[in-house]
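Q: I'd like to go through this structure with you. Keep the answers plain, please.

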Amino acid sequence: MAVLLIAEVTDGALALDATAKAVTAAKQLGDVIVLCTGASAKAAADEAAKIGGVSKVLVAEDALYGHRLAEPVAALIVSLASGYSHIVAPSTTDAKNIMPRVAALLDVMILSDVVGVIDADTFERPIYAGNAIQTVKSTDSVKVMTIRTSTFDLAPTGGSAPVEVIATGDDPGLSEWVEDKVAASDRPELTSAGVVVSGGRGVGSETDFALIEKLADKLGAAVGASRAAVDSGFAPNDWQVGQTGKVVAPDLYIAIGISGAIQHLAGMKDSKIIVAINKDEEAPIFQVADFGLVADLFVAVPALIDAL
Amino acid sequence: MKVLVPVKRVIDYNVKVRVKADGSGVDLANVKMSMNPFDEIAVEEAIRLKEAGKAEEIVAVSVGVKQAQETLRTALAMGADRAILVVAADDVHQDIEPLAVAKILAKVVEEEQPGLVLCGKQAIDNDMNATGQMLAALLGWSQGTFASELTVDGDSATVTREVDGGLQTIKVKMPAIITVDLRLNEPRYASLPNIMKAKKKPLDEKTAADYGVDVAPRLEVVKTAEPPARAAGI
Ligand SMILES: Cc1cc2nc3c(=O)[nH]c(=O)nc-3n(C[C@H](O)[C@H](O)[C@H](O)COP(=O)(O)OP(=O)(O)OC[C@H]3O[C@@H](n4cnc5c(N)ncnc54)[C@H](O)[C@@H]3O)c2cc1C
Ligand SMILES: Cc1cc2nc3c(=O)[nH]c(=O)nc-3n(C[C@H](O)[C@H](O)[C@H](O)COP(=O)(O)OP(=O)(O)OC[C@H]3O[C@@H](n4cnc5c(N)ncnc54)[C@H](O)[C@@H]3O)c2cc1C
């Protein structure tokens, strides 16, 4: 059977990492047909066609899909649904917005944040902030799911799938885009970075958060934050790592001034190496850290920056 | 305008979850249960809309076991006017899938005709992040998910959403489903007098059958396991 995979397209550009990892998961289920949609999506489609294992790429270009509003995009996906056994997307905020709507319109359940594919009907997903892994078997005729990409490898490039332009749908007229506030950054993207340096409430202020950013830049790393750091205004919301923020699994994760609440661990405990800097030796973060440094971050971090 | 707020009874976020040894699920016997934290934020937002004169009545609704009454009393003590409990399960270990919850909520919406539904973005037990979007689909309504700011203006609402790249602002047509994120507001605590008053507020009890909704799960739980443990380092 064939799988319809909704590519992550932002402002006309393909998010290659998220999409290619979702392809790895989808390949286990059948032939992968990728859908690229947006106000401009042709370039993204050409890029998706190069992902190894993709059989075909569909492009639906229309201003209507420009900001990936849930109502028109879900309607488009539903109109394409027949003939597919699975409809999948990487677990991005866009997909989390759209895919449950698709599932309900098809009268099926959603499988959110799949971390393992057992067979075509059976999947693993984390519950309770990753404190338990549930294996669920779906009895629905079509499986609608989002894939937690941090647990799947990148599909190789080098493919050359055909690209087909498809008809677009009507505007349900339920919502309109007003504005995006996106911080431009030269740093690697948080969910795909090899190294992540995160700061918590212990950092103390927005000004002092520059210390975390300085260390990150020395390491060519992405910057993350705990919820407390974001709530206190030290860091923007899209840096939040955790149960309700982003899930990362870099080669190296450095947690600075973060206590290690389960909600934070949910977003980073699959990192390959975890380093923690905290002045409290009882901090729970040390229970998951491979290397722990009990120290005042205002001493340790500048020393580390100087040493690098 | 009437505001409907679905609230879920979940394990308290401070409790360390224990997986049952036989792999049948998570142990929920005798653990502290609370209102899903995101739903407290939704109730708070509804109260603020009422205080600002933009909402007249707040109806809290919960789908689940009988004990979800306590969760509804909490919503009433915070400031909701009335509550509806839809009993759809008799064992605390039985959870109702978002699709079934959304179908029941759609019926409640038909009956109550709210102008706005304020849901949590996700329930912290199953982390599905789905119910609000599914309800919007079933009703054919607009949806504004992961809201960190909300302004209601007559027949539309402006919603700032927390998304992967930063913040997105959209305008949705009313009636709408809004799912709330952590930074929308800071929920109030219920005062003792309000907790007392809440005991006298109306709480209707219904069943899933009253609404003719089949809550049979579409997903069969094969097993529940502990995630692989990490060894502590140096
Ligand atoms: C529904 C819900 C969802 C949540 N989702 C998330 C989420 O997605 N992500 C998330 O992170 N949290 C989340 N949380 C919040 C979580 O429970 C914690 O409150 C949060 O992670 C704490 O952040 P923190 O570790 O930065 O702060 P704290 O717990 O306050 O820890 C600060 C740490 O800094 C250390 N410190 C202080 N000063 C120094 C110094 N000078 N040098 C070295 N160390 C120092 C302290 O010893 C302490 O350990 C959620 C909570 C709820 C209820
Ligand atoms: C112990 C246990 C047993 C389970 N057993 C089964 C099983 O036998 N079969 C099966 O298929 N699945 C089972 N599951 C999985 C479960 O059905 C779904 O994973 C779960 O319903 C996902 O939704 P959520 O609560 O994460 O909702 P989300 O979509 O994350 O919730 C978002 C928001 O929707 C609203 N909402 C959600 N639920 C309710 C509610 N009940 N009442 C009012 N408002 C609500 C709230 O505003 C909430 O903030 C089980 C799970 C557990 C933990």
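A: One place to begin is ligand 2, which has an oxygen atom 3.3 Å from a polar backbone atom of B:Asp127. That is a polar contact (N or O atoms within 3.5 Å; within protein, one must be able to donate a hydrogen and the other to accept it, and sequence neighbours count only through two side-chain atoms).

Q: Anything I should know about the model before we go on?
A: The model is predicted: local features need pLDDT of at least 70 and side-chain atom pairs pLDDT 80 or more, while totals for chains, interfaces and linings use all residues. Residues are numbered from 1 along each chain, chains are lettered from A and ligands numbered from 1 as written, and side-chain values use heavy atoms, without hydrogens or water.

Q: Back to ligand 2, then. Where does ligand 2 lie?
A: Ligand 2 sits between chains A and B. It is surrounded by 30 residues (each with a heavy atom within 4 Å). The closest are B:Lys8, B:Asp39, B:Val63, B:Glu97 and B:Leu219.

Q: Which atom of ligand 2 is 2.5 Å from the side chain of B:Asp39?
A: An oxygen atom of ligand 2, and its partner in the side chain of B:Asp39 is an N or O atom. B:Thr131 also takes part, with a polar side-chain atom 2.7 Å from a ligand 2 oxygen.

Q: And ligand 1, what surrounds it?
A: There are 29 residues around ligand 1, and the closest are A:Arg201, A:Ser226, A:Thr244, A:Ser259 and A:Asn278. Ligand 1 lies between chains A and B.

Q: Which polar atoms meet the nitrogen and oxygen atoms of ligand 1?
A: I can give three cases. A polar backbone atom of A:Val241 is 2.8 Å from a nitrogen of ligand 1. The side chain of A:Gln263 has a polar atom 2.8 Å from an oxygen of ligand 1. A:Asp296 places a polar side-chain atom 3.0 Å from a nitrogen of the ligand.

Q: New topic: the two chains. How many residues from each are in the contact?
A: Chain A gives 71 residues and chain B gives 64. Contact means heavy atoms within 4.5 Å.

Q: How much area is buried there?
A: About 5,600 Å² between chain B and chain A, with carbon and sulfur atoms giving 50% of it. Buried area is the accessible area (1.4 Å probe) lost on putting the two parts together, summed over both. On the chain B side, the residues that lose the most area to chain A are B:Asp164, B:Arg218 and B:Arg230, which together account for 14% of what that side buries.

Q: You mention B:Arg218. What does it do at the contact with A:Asp107?
A: The two form a salt bridge, with their closest N and O atoms 3.2 Å apart. A salt bridge is a side-chain nitrogen of Lys or Arg within 4 Å of a carboxyl oxygen of Asp or Glu. The interface has 4 of them by that rule. The backbone oxygen of A:Asp107 is also 2.7 Å from a polar side-chain atom of B:Arg218.

Q: What else does B:Arg218 touch?
A: Leaving out residues up to four places away in sequence, its contacts include A:Met109, A:Lys137 and A:Asp140 across the interface, and B:Glu97 and B:Lys103 in chain B. B:Arg218 lies in the loop between strand S11 (203–207) and S12 of chain B. Strands (E, at least two residues) are DSSP runs numbered from the N terminus, as are helices (H or I, at least four).

Q: How many residue pairs are in polar contact between the chains?
A: The count is 34 residue pairs, both residues at pLDDT 80 or more. The chain B elements that give two or more residues to that side include helix H3 (98–112), strand S7 (142–153) and strand S9 (166–173). S9(B) gives the largest share, 8 residues.

Q: Which strand of chain A pairs with S9(B)?
A: Strand S13 (residues 175–182), antiparallel, over 7 bridges. DSSP must find at least two bridges for strands to pair. A:Lys181 has B:Leu167 as its bridge partner.

Q: Which strands make up the open sheet of 4 strands?
A: The order is S8(A)-S9(A)-S10(A)-S12(B), with antiparallel pairing. S8 (116–117) of chain A and S12 of chain B are the edge strands, each pairing on one side only. S8(A) joins strand S9 (residues 122–127) of chain A over 2 bridges, where A:Val117 stands opposite A:Phe123.

Q: Last thing: is the peptide bond from B:Met174 to B:Pro175 cis or trans?
A: Cis, with omega near -5°. B:Pro175 is in the loop between S9 and strand S10 (176–180) of chain B. B:Asn30 is worth a look too: it is not a glycine, yet its phi is positive, about 60°. Most residues other than glycine have a negative phi, and most peptide bonds are trans.
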